[in-house]
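The following note sets out points for a colleague who has the sequence and the coordinates at hand. Each point may be checked against the structure shown below.

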Amino acid sequence: MSRASRAMLGATVAAVLAACAHAPDPAPSPLPAPSLRPDYYGTLEPFASDAVYFVMTDRFVNGDPANDQRDQGGGDPALRTFDRPVPGDANGANIGYLGGDFRGLLDNAGYIADMGFGAVWLTPIVDNPDEAFTGGDPIGSEAFFKDRGKTGYHGYWGVDFFRLDEHLPSPGLDFAGLTAGLSGHGLKTVLDIVGNHGSPSFTMPADQPKFGEIYEDGRLVADHQNLAPADLDPAGNPLHRFFHDEPDLAQLSNNDDGNPAVLDYYCRAYSKWIGEGAAAFRIDTIRHMPPAFWQRFSDCIRAAHPGFFMFGEAFDHDADKIAPFTWPGGGEVSVLDFPLKERIDAVFGRQRQGYEKIAERLYLTDGPYANPYELMTFYDNHDMPRMDASDEGFIDAHNFLFTARGIPVIYQGSEIGFMRGAAEHAGNRNYLGQARIDAAAGHPVHASLRRIARVREATPALQRGLQLDVQMHGDRAVFYRVLQQGGFAQLALVLLNKGDAAADFEVSRWLQAGAWRAALTGRTQAVEAGGVLRDTVPAHGVEVWVLDAPARRDDLREALDQAMAHRLGGPAR
């Protein structure tokens, strides 16, 4: 700022203060100086700028067939790891490796970035067992978890958390090379991490190599030895001390959160991957370890990397059960918004319920979460049936996710409605492949997603602004997103129509005078004081009207003051 500008600003501030001192009820300044504007924001978390594209690496694109390990497991069909179709009519499902790798992901970084995403979440990268699992229960049985015959293609059966799995890298492309390459496309890397379990650890007819074992860069530190948890001897056998002596998830090892060596191991292992470019963590099965463990873990990570962003998976539709992980003492991390996901599915899926169902799960004020604006919003992923919706349902869901509070997450293939409605063993995790990606630009869901995601990418109010709901009912939603912080000020008015016919909107509540511009169509409207903004939104459409100005209207400021004061929740609400 120049000396003259500073003098002018000082004179302005002095004049305003003088007016306040002598006038009994001064009118608000028509254009407050930046130093006099109150802050209005949902979050200042930098990661909130970045919509997330979720990749199951093995099922994305095979960019390097040389790392497929097609002979892994040997000649025994029960042990081989590559290409293991699920028996019966399983919609093409497969429980073996199919070849997706770092090269396939990096080759398509431009495709992901072009859609408007700023981050890629990829499944765990650490070393997994080299055979198919022979224990557990078979697919098709009545058991809840059915792991017999599966491989670690998904990455969640970690064995050595300090080493890459051999199916992923290529010569000259390790994890550091991948993160650098993604960064070159403007994409952050979100690494999926696991703390509560390793690999399947018991019920094998004969003990298999690596299963139930934990290594540190090749050195054995723990071994379940194919023993049931009740048969472990943590007090007498050093190799058992890593584990609880009671089961948790299926036959997976149940790591002992009370053992300091467990925390130390995972903090050091995952710190290594931060050093190679991981920009955030997604924490698998977070509620299978107590919140106090995750607080110690996040403290350990953030001691070296202040503000490092993390979000957890707590698979529960009850907000009061997953919110504690967002609180001080509970981890202080974000979570995937499962309670909202349930309603998104009901509103945009085949049920086509009204927006009022979504409004009940936004928790914009005095809610259970530390900060609802930092939640990860989504409608499906790899651990549940994909959303069963029409193309229009996907379009409507994206229009909402990319304009409402939270950080949107989209699972690979959803941009073309891939395998809609399919469950895990019935096509959810099917291979996407280069051909489908190359053809995606011609799909209506892809086109509309790219359109609204790029609007969010270019509109900070949609990323971090407070949300004020005007209408959330039936097929229509109207809300503001307002960001005013430092020298930046922006108001966005979102109009959503998920109906089958065009809808006329007239908005006057909290509407500020000014030159509003339509982010999607480029139109403009000059709104006078006390005026109305009118628009017709097409069927299954959206418009975002933007005013680049600070909040000046009194009732708007009052509503924003209340939203700002009550946006944070938690146990003391």
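**Notes on the predicted model**

1. C267 is buried, as its relative accessible area is 5%, which lies under the 20% cut-off for burial. The structure discussed here is a predicted model, and the points that follow should be read accordingly.

2. C267 forms a disulfide with C300, and the two sulfur atoms are 1.9 Å apart. The bond joins distant parts of the chain: C267 belongs to helix α5, C300 belongs to helix α6 (residues 291-304), and 33 residues separate them. The count of disulfides in the model is one.

3. The torsion about the S-S bond of C267 and C300 is about -90°, and the disulfide is therefore left-handed. With regard to exposure, C300 has a relative accessibility of 32% and is classed as partly exposed, whereas C267 is buried.

4. Helix α5 (260-275) is also among the elements against which the buried residues of α4 pack. The others are α2, α3 (109-114), β2 (119-122), β4 (160-164) and β5 (188-193). Helix α4 itself spans residues 175-184, and its buried residues are F175, L178, T179, G181 and L182. Viewed down the helix axis, these residues fall within an arc of 160°, so they line one face of α4. An α-helix has 3.6 residues a turn, so residues three or four places apart point the same way.

5. Both ends of α4 merit inspection. At the N-terminal end, D174 acts as a cap, with a side-chain oxygen 3.3 Å from the backbone nitrogen of A176. Just after the helix, G186 adopts a positive phi of about 80°.

6. Is D58 buried or exposed? Its relative accessibility is 3%, so D58 counts as buried. The residue is placed in the loop between β1 (52-55) and α2 (102-107). Apart from residues up to four places away in sequence, D58 touches G96, Y97, L98, G99, G100, Y153 and Y431. With one of these, G99, there is a specific approach: the D58 side chain reaches the backbone nitrogen of G99 at 3.1 Å. The C-alpha atoms of D58 and I95 are separated by 11 Å, and these two residues are 37 residues apart along the chain.

7. A second loop residue, N254, lies between β7 (219-223) and α5. N254 has a relative accessible area of 7% and is therefore buried. Leaving aside neighbours within four places in sequence, N254 is in contact with N196, F242, F243, H244, E246, P247 and D248.

8. Which strands form the open sheet, and in what order? Eight strands take part, in the order β10-β9-β8-β5-β2-β1-β12-β11, with parallel pairing. The edge strands, β10 (334-335) and β11 (376-377), each pair on one side only. At the β10 edge, two bridges join this strand to β9 (residues 309-312), and the two strands run parallel. G312 has V335 in β10 as its bridge partner.

9. The UniProt record, an unreviewed entry, annotates residues 54-436 as "domain: Glycosyl hydrolase family 13 catalytic". Over residues 54-436, the chain is 22% helix and 12% strand. The C-alpha atoms at the ends of this span are 16 Å apart.

Key. Residues numbered from 1 in each chain as written. Predicted model: local features only at pLDDT ≥ 70, side-chain atom pairs only at ≥ 80, totals over all residues. Heavy atoms only, no water. Helix = DSSP H or I, 4+ residues; strand = E, 2+ residues; numbered from the N terminus. Buried < 20%, exposed > 50% of the residue type's maximum accessible area, 1.4 Å probe, protein only. Contact = heavy atoms within 4.5 Å. Polar contact = N/O pair within 3.5 Å; in protein donor to acceptor, adjacent residues only side chain to side chain. Arc of directions from axis to C-beta. UniProt positions renumbered as here; feature names shortened; annotations may be inferred. Disulfide = S-S within 2.5 Å. Pairing = 2+ DSSP bridges.
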